[in-house]
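Reader: Could you walk me through reading a pocket, a ligand site and a helix?

Author: Sure, let's have the model up first.

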Amino acid sequence: MLIEQKRHLLNPVARPDRVMVRGKGSELWDDAGRRYLDFVQGWAVNALGHCPDEIAGALARQSTTLVNASPAYHNECELALASRVAALSSMSRVFFCNSGAEANEGAIKLARKWGTLHRDGAYEIVTAVNSFHGRTLATMAASGKPAFEGLFPPAMPGFVKVPFGDADAVRRAIHSKTVAILVEPIQGEAGVVVPEAGYLGKLREIADAHDVLFMVDEVQTGIGRTGTMFAHQHDRVAVDVMTLGKGLGGGVPLAATVASERASCFSPGEQGGTFNGNPLMTAVGLAVVDAVAKPGFLESVRTHGELLRESLASLGAQSGIVEVRGRGLLVAARLDMARAESVRDAAFERGLLINAPRPDTLRFMPALNVTELEIAEMIDVLARVLAER
Ligand SMILES: *Cc1c(COP(=O)(O)O)cnc(C)c1O
């Protein structure tokens, strides 16, 4: 049996003994032919759902045109996607890489370089409690994820954590060695924690007052997930550095460190990577970004997000859902008890994929083109699972 080969995997991740073999849109099938309605979508990655024509077409075309020209040479897909992301973000410089963690590593390096050049060697970055920025050593140190504490010592120095959503705490944490503030506009892995309106604007003011960089990790919230192209655009604030991942590649490994002219200070040789900006992945990124930027697409993310939140809320407290939060199609429901994992597992057995980021919280991150019918089916299955308490 296929599943017995799992003993060859190095990483001990607890997952169900099923093997996924095929997907289309919001549906996924395992090797026994069972169908799942997918509200996880590769961890908020498959922006256009499973195997969309846009990605299939881009991969097919590009795989017979040019797969990797080498990072030593320009290629047209990288150039086209960089100018597209620059235009959409009002920032001028883009570095493509392969994962959100790598994009954040790039942002951390950029901030430290900027501190060396402009702030007398300042290097410390203020981040948030319960934040998640990745699994490399630097991004683990930057993360405020309690489960990371004490792992793989010694931790990389240079990060200080303050409560998320508290601008005054950020202000108090800044001193002469501080070079940047780094937050997620909405904390995703922490369970879709939305800060109060005005939080990002206050951080912008604090960054300006102390001459430090304001950096946002939009790996989860970027590329339309919250109903605007980038989540910080809801607040109409400018940022100095933004990182992208997940949705940017629509399912393939593609991420980016995006910087304003003021922040972009790498000299040749200071940042790079063998696969970075390769035409195969950037061709896919271009197809995804073009689809999300199409007239009406983001509006439909907002209306479907509203429908999803209203439908969850309408299940009511008697279902066990006591709070619904989120923005666009990044949504969470808090339960009255710490039973999110058992709800997730029961939903799985009924062919519904959802995620449990906290013991009492379910998270929903469907394809951005999820339909009303699919939302209704999800609610229907979830209602039955919640009733089986
Ligand atoms: C997923 C995620 C990352 C890490 O991205 P990887 O591609 O898994 O390295 C970083 N930041 C945020 C906010 C994320 O959601």
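Reader: How much space lies in the second largest pocket?

Author: A pocket is an open set of points on a 1 Å grid over the protein atoms alone, where a 1.4 Å probe fits, with protein on both sides within 12 Å along at least five of seven lines. Here the second largest pocket holds about 790 Å³. This is a predicted model: local features need pLDDT of at least 70 and side-chain atom pairs 80 or more, while totals for chains, interfaces and linings use all residues. Side-chain values use heavy atoms, without hydrogens or water, and numbering starts from 1 along each chain as its sequence is written.

Reader: Which residues lie nearest the centre of that pocket?

Author: Lining residues have an atom within 4 Å of a point. There are 35 of them, with Glu 78, Val 94, Phe 95, Phe 96 and Gln 271 nearest the centre. Helix H3 (76-89), strand S4 (93-97) and strand S10 (255-259) each give two or more residues to this lining.

Reader: And which side chains have a polar contact with the ligand?

Author: Look for N or O atoms within 3.5 Å of each other. The Asp 217 side chain has one 2.7 Å from a ligand nitrogen, and the Lys 246 side chain has one 2.6 Å from a ligand oxygen. From the backbone, Ala 101 places an N or O atom 2.8 Å from a ligand oxygen.

Reader: Is H8 mostly covered or open?

Author: Buried means under 20% relative accessible area (1.4 Å probe, protein chains only). In H8, 13 of the 15 residues are buried, so the helix is mostly covered.

Methods:
Buried < 20%, exposed > 50% of the residue type's maximum accessible area, 1.4 Å probe, protein only. Helix = DSSP H or I, 4+ residues; strand = E, 2+ residues; numbered from the N terminus. Points joined across faces, edges and corners; volume = space filled by probe spheres on them. Polar contact = N/O pair within 3.5 Å; in protein donor to acceptor, adjacent residues only side chain to side chain.
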